[in-house]
Amino acid sequence: MAELTATAPLNPTQLQQLELRLEQILLRRFGELTEQQLLTLLDLKPLTTIQDSQFALFQRHFVLYHLLYRLAERWALSSTAYLDIGLARIKIAPWQDHLPLLTDSKAAYYADWQNYWRMTPVALSKRLANFWQYYQQRHGVSSSTIQLNDDEALQLLQLDWPCSLSELKKAFRRLSLKHHPDRGGDKTTFVRISLAYQKILQRL
């Protein structure tokens, strides 16, 4: 594992305060919470001045998941509660000795602040494109069976042409959150939205 030399975007005191606030929220809300619910309850402010909503969300997401994995490890050591950290959703359950130990490989990624600082808006766009491909394969929805022309993509995203990159990203974020399967949405609609986003992004 690489040596952790990069500094956090928040000072140690701020991180500790956020971790304690997160712990209080989770211990009051046994069950399942979405990432968006946690970000709202935690009131984690944007950490960048870059006008890119997806990039700003990535940075808040990284800090949240850094704290979640820190908390999960601490809870496991003290047998406080069990934290199952998934994609856009977190489950909290009372501790039981037979539950598996935390072995999530993503914990190392979120522990390393170099991963936070090396991410750029361009790199994030590429990463999201790779994620959609992975998601489609995982859920058995093939993009080759979904054909969208530019007009259909714009209609699906509820946009008019011409549109700005900011408008495109805002529409995509709003619709992808609404239709995300982890929030009860339809997986085919979710994939169609991601394909429409990629199509209009290429046109821009």
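The exercises below, each with a worked solution, go through a predicted model of one protein chain.

Residues are numbered from 1 along each chain as its sequence is written. Local features need pLDDT of at least 70 and side-chain atom pairs count only at pLDDT 80 or more, totals for chains, interfaces and linings use all residues, and side-chain values use heavy atoms, with hydrogens and water left out.

**Exercise 1. The chain as a whole**

State how many helices and strands the chain has, and in what pattern they follow.

Solution.
- Step 1. Helices (H or I, at least four residues) and strands (E, at least two) are DSSP runs, numbered from the N terminus.
- Step 2. The chain has 9 helices and 3 strands.
- Step 3. Along the sequence the pattern reads α-β-α-α-β-β-α-α-α-α-α-α.
- Step 4. The chain has 204 residues, of which 39% count as buried. Buried means under 20% relative accessible area, exposed over 50%, and partly exposed in between (1.4 Å probe, protein chains only).
- Step 5. About 11600 Å² of the chain is exposed, and carbon and sulfur atoms supply 51% of that area. Such areas come from the Shrake-Rupley method with a 1.4 Å probe, and for residues only the protein chains shown count as cover.

**Exercise 2. The strands**

Find which strands pair with E3, and in which sense.

Solution.
- Step 1. Two strands pair if DSSP finds at least two bridges between them.
- Step 2. Strand E1 (residues 31–34) is joined to E3 by 4 bridges, and the two run antiparallel. Gly31 has Ile92 as its bridge partner in E3.
- Step 3. E2 and E3 also pair in the antiparallel sense, over 5 bridges. Here Tyr82 has Ala93 of E3 as its bridge partner.
- Step 4. The hairpin of E2 and E3 has 3 residues between the strands, and Ala88 takes a positive phi near 65° in this hairpin.

**Exercise 3. The nonpolar cores**

Identify the residues that touch the most other members of the largest nonpolar core, and the element that supplies its largest share.

Solution.
- Step 1. A nonpolar core is a set of buried Ala, Val, Leu, Ile, Met, Phe, Trp, Tyr and Cys residues joined through side-chain atoms within 4.5 Å.
- Step 2. The largest core has 33 residues, and those touching the most other members are Leu22, Leu26, Leu38, Val63, Leu68 and Leu83.
- Step 3. At least two residues of this core come from each of helix H1 (12–28), helix H2 (35–42), H3, strand E2 (81–85), strand E3 (89–94) and helix H5 (113–118).
- Step 4. H3 supplies the largest share, 12 residues.
- Step 5. Leu68 serves as an example: not counting residues up to four places away in sequence, Leu68 touches Leu22, Leu26, Leu38, Leu83, Ile85 and Ile90. Contact means heavy atoms within 4.5 Å.
- Step 6. Another core, of 14 residues, lies apart from the largest one; among its members are Leu154, Leu157, Leu175 and Ala196.

**Exercise 4. Gln59**

Decide whether Gln59 is buried or exposed, and list what it touches.

Solution.
- Step 1. Gln59 is found in helix H3 (residues 53–78).
- Step 2. Gln59 counts as buried because its relative accessibility is 5%.
- Step 3. Leaving out residues up to four places away in sequence, Gln59 touches Leu47, Thr48 and Tyr116.

**Exercise 5. Helices H7 and H9**

Show where the salt bridge of Asp150 and Lys199 sits, and what Ala153 touches.

Solution.
- Step 1. A salt bridge is a side-chain nitrogen of Lys or Arg within 4 Å of a carboxyl oxygen of Asp or Glu. The structure holds 7 of them.
- Step 2. One of these joins the side chains of Asp150 and Lys199 at 3.8 Å, N to O. The pair links distant parts of the chain, with Asp150 in helix H7 (residues 150–156) and Lys199 in helix H9 (residues 187–203), 49 residues apart.
- Step 3. Asp150 is partly exposed at 27% relative accessibility, and Lys199 is partly exposed at 28%.
- Step 4. Ala153 also lies in helix H7. With a relative accessible area of 0%, Ala153 is buried.
- Step 5. Apart from neighbours within four places in sequence, Ala153 is in contact with Ala196, Lys199 and Ile200.
- Step 6. Ala153 and Ser194 are 41 residues apart in sequence, and their C-alpha atoms are 9.6 Å apart in space.
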